[in-house]
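Welcome, and please take a moment to look over the model below. The report that follows walks through some of its helices and loops.

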Amino acid sequence: MLDLLIIVSVVLGIIALAQLIKVLDLASQARGENSWENTDKDNKAQARLMPVFLVVYFASIIYQMVAWGKYLLPVSASAHGETIDNLMITSWIVIFPVFILTHILLFYFAWKYSYDKNRKAEFFPHSNKLELLWTIVPTVVLSILILYGLNTWNNITTPASEEDDAVLIELYAYQFGWIARYAGEDREFGDANVRLIEGVNALGMDSTDSRGWDDKIVRAEFHLPVNRPVQFIFRAQDVIHSAYMPHFRAQMNCVPGMTTRFGYTPTITTSEMKGITQNDEFNYILLCNKICGAAHYNMQMDIIVESEAEYETWLAEQKVFLPMDGTPKVKEVAPEEVVDSTFTEAEEMTTASIN
Ligand SMILES: [Cu+2]
């Protein structure tokens, strides 16, 4: 009801305004003036507004930076995050002076060269020098930024090597939540298949694959040891999600039918970060950064960064998928039904339909 009233009053307001303009128009016609012709007075008034607008515009930008600056992320909690932050700062150093300068020129010219019937415009059709300058300078600056960015990107997405002794974690996204899986002692994930998802087997783990028996599946929160590389593998069950760990400057799409990866080394423990942010409630967090459906906002998981010893203690408490000598508790499947987890026909169709 309130919405309807708002719409009706907006429409009536527009009609009233149109009528008012008509009245003013008729009144000026009665005075023998042409209301759509700009007078010198109009031009001067518009020109004077230009510097006023410039000052108000810059003042509002400064106000927003001061008022909302506190919502920016704290210092990066991962090694590569510092590179990302540097890339961001470099971009700002390049962009900000150009932004200030071009806006000052824009409004200055609009003020200085407001219409004057006694002035004749200069005819200036072309300058090779100018064309070269404004093509080459942005090209060089952008190329440097892009190369810098590509290099950073390659470092993040290159798989961890054996010597890195990286923690292997799979993050599995579904509508609407996350499941983390640790690779276990063999440092290999067992096969999983979307067709095997049933009851408690939310990951569709294939119980006949012995590599998966020591995998550890955790929900609600997952732990990372500080100063040790972490190799993340991402999968999605249904639609495209995006694993977003803002404090580590990490984000990667989770796509049904394929695996994606991201690696980083956490450098600040959760308790240290509580001190840095002076917030006892602080927790690192994993979020979904793709609007993937109605309960998208609900897709979050806490991340605890702690010392290697604390991490090992926590990991030891987590249950393995199947005890090594145990009999499979999950539905048996015929070998021909087991397809590699990274690409199954059903998942392929899901990706295809999205594309
Ligand atoms: Cu999602």
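A crossing of two helices counts as left-handed if the near helix is turned anticlockwise from the far one by less than a right angle, and as right-handed if the turn is clockwise. That wording will be handy shortly. Please keep in mind that this is a predicted model.

## The chain as a whole

The chain holds seven helices and ten strands. Of its 355 residues, 22% are buried. Take the contacts between residues at least 6 apart in sequence: 72% of them join residues at least 24 apart.

## Helix H3 and its surroundings

A good place to begin is helix H3, which covers residues 79-112. Helix H3 has 34 residues, and from its first C-alpha to its last it reaches 50 Å, close to the 50 Å expected at 1.5 Å a residue. Which residues of H3 are buried? They are His80, Gly81 and Phe107. The elements that cover these buried residues include helix H2 (40-68), helix H4 (128-157) and strand S8 (260-264).

Let us turn to H2 and its packing against H3. The two helices pack at an angle of about 165°, and their axes are 7 Å apart. Angles over 145 degrees count as roughly antiparallel, and H2 and H3 are therefore roughly antiparallel to each other. Is their crossing left-handed or right-handed? The crossing of H2 and H3 is left-handed. On the H2 side, the residues that meet H3 are Ala47, Met50, Pro51, Phe53 and Leu54. Their partners in H3 are His103, Ile104, Phe107, Ala110 and Trp111. Sorted by character, the residues of this contact between H2 and H3 come to nine nonpolar, one polar and no charged. Phe107 appears here among the residues meeting H2, and Phe107 is also one of the buried residues of H3.

H4 is another neighbour to visit. The axes of H3 and H4 come within 10 Å and cross at roughly 170°. That angle makes H3 roughly antiparallel to H4. H3 brings His80, Thr83, Ile84, Leu87, Ser91 and Val94 to the contact, while H4 brings Val141, Leu145, Tyr148, Gly149, Thr152, Asn155 and Ile156. The residues of the contact of H3 with H4 divide into seven nonpolar, six polar and no charged.

As for H4 itself, the helix has 30 residues and reaches 42 Å from its first C-alpha to its last, close to the 44 Å expected at 1.5 Å a residue. How many of the 30 residues of H4 are buried? The number is zero, so H4 lies largely in the open.

## Ser76, Thr83 and Arg249

Now for a spot where distant parts of the sequence come together. Ser76 sits in the loop between H2 and H3. Is Ser76 buried or exposed? With 21 other C-beta atoms within 10 Å, Ser76 is buried, because 20 or more such atoms are enough for a residue to count as buried. Leaving aside residues up to four places away in sequence, Ser76 touches Gly81, Glu82, Asp85 and Arg249. Ser76 and Arg249 lie 173 residues apart in sequence, yet their C-alpha atoms are 6.9 Å apart in space.

Thr83, which lies in helix H3, can also be set beside Arg249. The C-alpha atoms of Thr83 and Arg249 are separated by 9.6 Å, although the two residues are 166 residues apart along the chain. Thr83 is partly exposed, with 18 other C-beta atoms within 10 Å. Thr83 is also one of the H3 residues in the contact with H4.

## Backbone details in the loops

Some loops have backbone angles worth a look. A cis peptide bond joins Gln175 and Phe176, with omega at about 5°. Phe176 is placed in the loop between strand S1 (167-174) and strand S2 (177-182). Two other residues have a positive phi without being glycine, as the table shows.

| Residue | Phi | Loop | Exposure | Other C-beta atoms within 10 Å |
|---|---|---|---|---|
| Ala220 | about 70° | between strand S3 (216-218) and strand S4 (221-225) | exposed | 11 |
| Asn227 | near 60° | between S4 and strand S5 (230-236) | partly exposed | 13 |

Ala220, then, is exposed, whereas Asn227 is partly exposed.

Notes: Residues numbered from 1 in each chain as written. Predicted model: local features only at pLDDT ≥ 70, side-chain atom pairs only at ≥ 80, totals over all residues. Helix = DSSP H or I, 4+ residues; strand = E, 2+ residues; numbered from the N terminus. Expected span 1.5 Å × (residues − 1). Buried ≥ 20, exposed ≤ 12 C-beta atoms within 10 Å, placed from the backbone. Contact = placed C-beta atoms within 7 Å. Axes fitted to C-alpha atoms, helices over the stretch in contact; angles between N-to-C directions. Parallel < 35°, antiparallel > 145°, perpendicular 65-115°, else oblique. Nonpolar A, V, L, I, M, F, W, Y, C, P; charged D, E, K, R; others polar.
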